[in-house]
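Work through these exercises with the model open. Each task comes with a stepwise solution.

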Amino acid sequence: QIGAEIPEEFVRKAPLRSKPYYRLMRGLLPLAGFSKESALLAAGARDTGKAELYGAFLFTIKETSALSTGRVPENWKEALPEASLGKTGNRSLLRLGADAPELYFITRGDMLLVSLEEAGIDRMLEAIDDPVSRMNVSWKLETAWPGHFLFNDGGVLAEKASLEGLDVGSDVLRLEAAWEKTSDEGLLAWSVDGAEGWIPAEIGKALKGHFWREELYMPEPLILAAGFNIPRIVSDGSKLWGELSEAAETIGVGTSLLARVLEGPALLVIGGRSRLLLADLPGFLLELLDRGKDGIELVEALWERDFLRVPMEPRPLEGFEAGGSLSIPLSVVGAASEDLVVMGAMDVSELGELLPPKDVVDLPESALAWIYVDFPKAAEALRKLGTAGSLAQRIGISGGEGLEELAESVERLTQLGKILVIMEDFKTGRIRWEQ
């Protein structure tokens with residue numbers, strides 16, 4: 001079941017020859033949205049480039065009866081104010097907008113069938129009456145879920161890439177998704193087949209999942225947590241290596257050391273609390289797992305360079321061999337042991353207990369990357385930023401106006417609930433959202 005909408009601005013910027021089809025989809029998607037069930041098929045012929053479109057929708061008998069007698073159903077008129085009906089020979093035509101292509105249609109009981117061509121209607125009727133004529137779509141993902149989507153490029157993208165001198169193989173690219181939604185929760189799963197040739201071999205080998213069993217800091221209120229496995233950055237003269245070299249020079253360590261510290265599982269967290277002068281702000285942490293003595297060397301170098309430009313010794317943090325924390329003028333932590341490196345802006349009293357991420361977020365056995373966001377808590381944090389901005393204005397600090405505007409603009413975040421996105425590997429993933 002679909003009910004999305006293609007924005008008019010997107011249609012306006014589309015290539016001229018594509019505009020009619022985008023406008024057609026702008027009409028069809030709302031049509032699908034208020035039907036009981038819907039199915040859409042778009043196909044393109046490789047030899048002729050000809051586009052084919054087929055749609056099947058379940059409505060009430062009252063609606064399909066109106067269509068069969070040449071009338072636009074009353075309840076369509078608000079969502080599709082430009083919809084109109086016509087005739088050509090024995091066939092009925094439906095136009096969803098003034099600049100949208102005409103669609104041939106026929107009704108069968110409570111079902112509406114539409115196509116760009118008259119022959120398309122005949123094909124659909126044949127598929128209904130003769131099971132042998134039907135397309136054999138074998139869903140691989142969550143077959144019991146009600147929503148499914150399939151994209152198959154027939155090898156066109158690989159062929160086009162080959163003509164442009166790119167060696168991506170000849171595999172057909174297949175993207176499948178499935179979803180279901182209840183009143184307060186939604187689930188979506190996706191998988192991609194045939195993408196191996198598009199990913200350089202060295203990157204493909206570096207993209208490894210992680211079990212996320214180690215104990216890490218997940219401070220409350222937890223606004224955002226993102227786990228990812230950073231691949232090795234190699235000395236290849238690339239722009240990325242150049243930027244890494246600049247960062248290493250600023251810190252005062254070798255580029256190879258910084259590259260080794262970055263490589264591996266990492267966790268980015270926004271939550272807890274930090275303090276800047278008189279203002280309480282959300283804290284953030286970057287946590288790096290099992291960086292050994294390299295992690296300790298990096299943290300020691302950071303404090304030696306007075307990276308906060310505050311000539312103060314950090315207060316040691318229990319369980320860590322190097323670095324520590326400061327509370328004035330900003331709550332900051334930079335500490336390392338061979339097992340864990342922790343860096344960021346956070347009041348150490350808000351760090352909480354060390355916990356495996358799986359105890360806080362519903363993660364699978366292994367995941368390449370994941371991100372969890374609690375939008376209501378994010379909105380609350382931004383409200384506090386607005387308060388801080390108001391205080392800043394009163395004491396004459398510039399920039400507070402922007403913070404207040406930011407807080408006002410994100411009030412609607414509370415309606416988005418919580419979302420968890422998981423990439424199990426570079427082929428599969430899942431999304432879960434809660435109201």
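**Exercise 1. Lay out the open sheet of this predicted model. Which strands stand at its edges?**

Step 1. Read off the strand order. The sheet has twelve strands, β7-β8-β9-β20-β19-β18-β11-β12-β13-β16-β15-β14, paired antiparallel.
Step 2. Look for strands with a single partner. These are β7 (147-152) and β14 (322-326), so each has one side without a neighbour in the sheet.
Step 3. Check the twist. From one strand to the next, the average is 15°.
Step 4. Inspect one pair. β9 (residues 185-193) and β20 (residues 428-434) run antiparallel over seven bridges. Leucine 187 sits opposite arginine 432 in β20.

**Exercise 2. Describe β15: how many of its residues are buried, and how does it pair with β14 and β16?**

Step 1. Score burial. Five of the five residues in β15 are buried.
Step 2. Sort the directions. Val332, Gly334 and Ala336 point one way; Val333 and Ala335 point the other. In a regular strand, side chains alternate between the two sheet faces.
Step 3. Take the β14 side. Five antiparallel bridges link β14 and β15, and glycine 323 faces alanine 335 in β15. The two strands form a hairpin with five residues between them.
Step 4. Take the β16 side. Four bridges join β15 to antiparallel β16, with glycine 334 opposite methionine 343. This hairpin has three residues between its strands.

**Exercise 3. Which residues touch the most other members of the largest nonpolar core?**

Step 1. Find the core. Among its 25 residues, Leu285 and Trp370 touch the most other members.
Step 2. Trace the suppliers. Strands giving at least two residues each include β12 (264-276), β13 (279-289) and β18 (369-374).
Step 3. List contacts. Beyond four places in sequence, tryptophan 370 touches residues including Trp212, Leu267, Pro357 and Ile422.

Methods:
Residues numbered from 1 in each chain as written. Predicted model: local features only at pLDDT ≥ 70, side-chain atom pairs only at ≥ 80, totals over all residues. Heavy atoms only, no water. Core = buried A, V, L, I, M, F, W, Y, C linked by side-chain atoms within 4.5 Å. Buried < 20%, exposed > 50% of the residue type's maximum accessible area, 1.4 Å probe, protein only. Contact = heavy atoms within 4.5 Å. Pairing = 2+ DSSP bridges. Axes fitted to C-alpha atoms, helices over the stretch in contact; angles between N-to-C directions.
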